[in-house]
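Biologist: I should like to learn how the features of such a structure are read. May we go through them in turn?

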Amino acid sequence: MEIFSYIFMTIGGLFYLLGGLGILRMPDTFNRIQAGTKATTLGAFSLLIGIGFNNPEWFPKLLLIIVFIALANPIGSSALAKATYRSSDLPENLVQDDLKDLFGGKDNVS
Amino acid sequence: MKNFLAFVAVLVLGFLIITSLNNNEAFPNYGEADISERVSQAYIDRSATENPGDITFGETTDLESGPANIVTAIVADYRSFDTLGEVTVLFISSLGVALLLGGVNRKRIDLDFHPNFMLRVGSRALFGIILMTGVYVAIHGHLTPGGGFPGGAMIASSMLLLYLADDEFRVKIKGFKMLESVAGSLYVLIGLTGLLLISGGFFLENFLDNGVIGNLFSAGIVPIVYVLIGLKVGSEISGIIDNFLTEEAV
């Protein structure tokens, strides 16, 4: 049981490391949001499940934290990305811009 | 001449302060103070009135101050009157904001930004978890770190989330005002009850059984008072948020 816990915790730490590396190395804001959110979501899940294997009596609380992160992280980062899209210049090498097709320009996006 | 007099006065005053502090038993020299004789040690040992001996978590009963959390023992038991003052400070600040910004006919400020469907629905789901965490922190204030003030701030932050994620949302502000006044009055009433029930008692004396240290139902009036503080702080900060995010309807 304990070995499972440490394996999960190591995976979680690795994902956190990759997320930090992504925030440091990615070229623009959108890529950084993507790297930070995806990596830390999975990293937090693994870390919390690892802690749960170590202390089974904490599992309900950890499950609640997992639900919270699963909801808060994607929603928060999407709101962040949308605010960035509205308020700052888009990167020059942007290939696909679905929001422009949907709303017709930066100022109409709500 | 004036400057010279001021200079002399400062010198004389400094000399007086330093000499009186040097030859004073209450202010020992640096590094020579015996911390185990200080008031804080009595608060930690729960030995301000009598020495209870060793305290075991989950076993010792009927201490002079029941909470397992030392900070709560000081904030909501030994110095409860002080906390009543702090709650009053928050009340007056929220009253000031309401006086400057509040009014009868209020509507939400028109923002350029309209949150989309995902943000609105997702924040409704998150609201419950944040609110529950706040209530948990407030109820367990006498056992774990936290208590009424941070718990109340969490309750208010869940309200702030709804305000930011939905541009139509407004709380029933009358209910919050009612909750705030009821919680504040109950705090004072509990204090007066301690004064009435125990002969020779004092304001905010713990008139309930202290119970086993570390249990959820222990520490007498301390958890009751802390939950009331949580409700009061939460509703006050929610009222402040509402005042900031609304404007007079024309």
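Biologist: Leaving aside neighbours within four places in sequence, which residues is Ile55(B) in contact with?

Modeller: This is a predicted model, and in it Ile55(B) is in contact with Arg46(B), Thr60(B), Leu63(B) and Ile213(B), once neighbours within four places in sequence are set aside. Ile55(B) and Ile213(B) are 158 residues apart in sequence, yet their C-alpha atoms are 8.7 Å apart in space. Ile55(B) itself is found in the loop between α2 (39–45) and α3 of chain B.

Biologist: Why does Ile55(B) count as partly exposed?

Modeller: The class follows from a count of C-beta neighbours inside 10 Å; Ile55(B) has 15 and therefore counts as partly exposed. A buried residue would need 20 or more.

Biologist: Where, then, should one look for buried nonpolar residues?

Modeller: In soluble globular proteins, nonpolar side chains tend to be buried together. Here the largest nonpolar core has 29 residues, and those touching the most other members are Val222(B), Val225(B), Tyr226(B), Leu228(B) and Ile229(B). Two or more residues come from each of α3 (70–78), α5, α6, α7 (173–197) and α8 of chain B. The most, 10 residues, come from α8(B). A second, separate core of 5 residues includes Phe8(A), Ala44(A), Leu47(A) and Ile49(A).

Biologist: How does one read the geometry and packing of a helix such as α5(B)?

Modeller: An α-helix has 3.6 residues a turn, so residues three or four places apart point the same way. In α5(B), the buried residues are Gly122(B), Ser123(B), Leu126(B), Ile130(B), Thr133(B), Gly134(B), Val137(B) and Ala138(B). They pack against α6 (148–165) and α8 (222–245) of chain B, and also against α3 (59–87) of chain A. As to length, the 23 residues of helix α5 (residues 117–139) of chain B should span 33 Å at 1.5 Å a residue, and the end C-alpha atoms are 34 Å apart, which agrees.

Biologist: How many residues of each chain take part in the contact between chain B and chain A?

Modeller: In total, 8 residues of chain B are in contact with 9 residues of chain A. The chain B side has 6 nonpolar, 2 polar and no charged residues. For the complex, the predictor gives an ipTM of 0.75 and a pTM of 0.77.

Biologist: Where in chain B is confidence lowest, and where highest?

Modeller: Where pLDDT is low, the predicted coordinates should not be read in detail. The mean pLDDT of chain B is 84, with 100% of its residues at 70 or more. Confidence in chain B is lowest in strand β1 (residues 106–108), at a mean of 79, and highest in helix α1 (residues 2–22), at 91.

Key:
Residues are numbered from 1 along each chain as its sequence is written. Chains are lettered from A and ligands numbered from 1 in the order in which they are written. This is a predicted model: local features need pLDDT of at least 70, side-chain atom pairs count only at pLDDT 80 or more; totals for chains, interfaces and linings use all residues. Two residues are in contact if their C-beta atoms, placed from the backbone, lie within 7 Å. Ala, Val, Leu, Ile, Met, Phe, Trp, Tyr, Cys and Pro count as nonpolar, Asp, Glu, Lys and Arg as charged, and the others, Gly among them, as polar. pLDDT is the predictor's confidence in each residue, from 0 to 100. Helices (H or I, at least four residues) and strands (E, at least two) are DSSP runs, numbered from the N terminus. The expected span of a helix is 1.5 Å times one less than its number of residues. A residue is buried if 20 or more other C-beta atoms lie within 10 Å of its own, exposed if 12 or fewer, and partly exposed in between; C-beta atoms are placed from the backbone. A nonpolar core is a set of buried Ala, Val, Leu, Ile, Met, Phe, Trp, Tyr and Cys residues joined through C-beta atoms within 7 Å.
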